[in-house]
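Thank you all for coming. I would like to walk you through one structure this morning, going slowly from one region to the next, and I will put it on the screen before I say anything about it.

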Amino acid sequence: MTHEIDFDAIIGKYRSDPFDYMDVCTIHTGQVRFRVRQDAAVEGPSGEWHHIRGTLLYEMTREGNQKKIFSSSNGVVSFIRDDLEGQFVEAGEKILTIRHPLKKREIIENILRQVLEPFNAPERAKYFFSLELQAKIDKHGQRGVSIKPGDEILTMSLMKRDTPVYYAGEPGIIHSVYFQPGVSVSQGEPLLGICSQEKLPMIQKIITRVKAEWE
């Protein structure tokens with residue numbers, strides 16, 4: 001991975017289009033009924049524990065059972081498949097897109113994802129830090145803990161079975177955590193962003209530059 005980064009190009013990209021585009025796909029087969037329209041503003045979960053659901057996006061009915069799907073982020077509906085209203089749709093069909101305005105923190109994290117070494121989910125499952133690693137994080141803080149290949153770092157909870165997950169990547173510190181304990185993560189999605197010691201100055205440079213230039 002290169003240690004060089006074109007700041008001007010990256011900053012220019014986010015200045016010209018400071019949004020994230022989040023596609024929403026059907027969770028299973030069934031009949032779709034939309035509860036939002038094009039250009040509608042939507043809200044994500046809120047409350048101290050994110051216990052208040054976001055905006056109702058659509059309802060899906062299969063074999064008499066109805067399921068409601070709520071927005072996971074705030075933004076505006078920038079695309080919607082109105083032609084599918086009331087139709088039977090297959091699982092995984094893209095039916096709408098939410099244009100989410102990025103905050104400075106999210107822009108920094110997006111840029112860092114291009115630089116940090118990702119550790120991805122081996123299966124769609126729920127993940128937790130291993131007890132030993134969690135104890136180290138509690139004592140030293142997340143970025144004060146180094147990991148190396150062969151370390152048991154996570155517990156994968158799948159089908160009521162817990163399986164240890166061992167790290168396989170370049171040694172480094174745990175710079176970013178992308179999962180929430182107990183929340184399912186899709187296979188291949190990043191769980192952690194690992195930073196080697198020699199990359200730390202570059203990471204700090206990215207954060208400083210974005211904070212200075214992004215209003």
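Let me begin with the helix α1, whose buried residues pack against α2, residues 104–113, and against α4, residues 200–213. Please keep in mind throughout that what you see is a predicted model. Which residues of α1 are the buried ones? In this helix, which spans residues 7–16, they are F7, I10, I11 and Y14. Looking down the axis of α1, we find these buried residues within an arc of 95°, and therefore they line one face of the helix. The general background is that an α-helix has 3.6 residues a turn, so residues three or four places apart point the same way. On the other side of α1, by contrast, D8 and S16 are exposed.

Y14 brings me to a further detail, since the charged end of K13 sits over the ring of Y14, at 4.2 Å from the ring centre. There is another arrangement of this kind to point out, in which K94 lies over the face of F79, 4.9 Å from the centre of the ring.

Staying with aromatic residues, how many aromatic pairs does the structure hold? The count is 2, and I will describe one of them, formed by F119 and Y167, whose ring centres are 5.6 Å apart and whose planes meet at 45°, so that the pair is tilted. This pair links distant parts of the chain, because F119 belongs to strand β9, residues 117–120, while Y167 lies in the loop between β13, residues 161–166, and β14, residues 172–177, which puts the two residues 48 positions apart. Are these two residues buried or exposed? F119, with a relative accessibility of 9%, counts as buried, and Y167, at 3%, counts as buried too.

Now to the sheet, where 4 strands form an open arrangement in the order β1-β8-β6-β3, with antiparallel pairing. The edges are taken by β1, residues 19–25, and β3, residues 41–42, each of which has a single partner strand, so one side of each is left without a neighbour in the sheet. Between β1 and β8, which run antiparallel, there are 7 bridges, and within this pairing the bridge partner of V24 is L96 in β8.

V24 also appears among the contacts of E93, a residue placed in the loop between β7, residues 88–89, and β8, residues 94–101. Leaving aside residues up to four places away in sequence, E93 touches V24, C25, T26, R81 and L84. With a relative accessibility of 29%, E93 counts as partly exposed.

C25, one of those contacts, is itself partly exposed, at a relative accessible area of 36%, whereas C195 is buried, at 0%. For those of you thinking about cysteines, a search of the whole structure finds 0 disulfides.

Let me finish with the chain as a whole, which comes to 4 helices and 16 strands. Its C-alpha atoms fill a box of roughly 55 × 45 × 30 Å along the principal axes, and 38% of its 215 residues count as buried. Finally, of the contacts in the chain with a separation of 6 or more, 72% are accounted for by residues 24 or more positions apart.

Conventions
Residues are numbered from 1 along each chain as its sequence is written. This is a predicted model: local features need pLDDT of at least 70, side-chain atom pairs count only at pLDDT 80 or more; totals for chains, interfaces and linings use all residues. Side-chain values use heavy atoms; hydrogens and water are left out. Rings of Phe, Tyr and Trp (its six-membered ring) pair if their centres lie within 6.5 Å; planes under 30 degrees apart count as stacked, over 60 as edge-to-face and the rest as tilted. Buried means under 20% relative accessible area, exposed over 50%, partly exposed in between (1.4 Å probe, protein chains only). A charge sits over a ring if NZ of Lys or CZ of Arg is within 6 Å of the ring centre and within 35 degrees of the ring normal. A disulfide is a pair of cysteine sulfur atoms within 2.5 Å. The arc is that of the directions from the helix axis to the C-beta atoms. Contact means heavy atoms within 4.5 Å. Two strands pair if DSSP finds at least two bridges between them.
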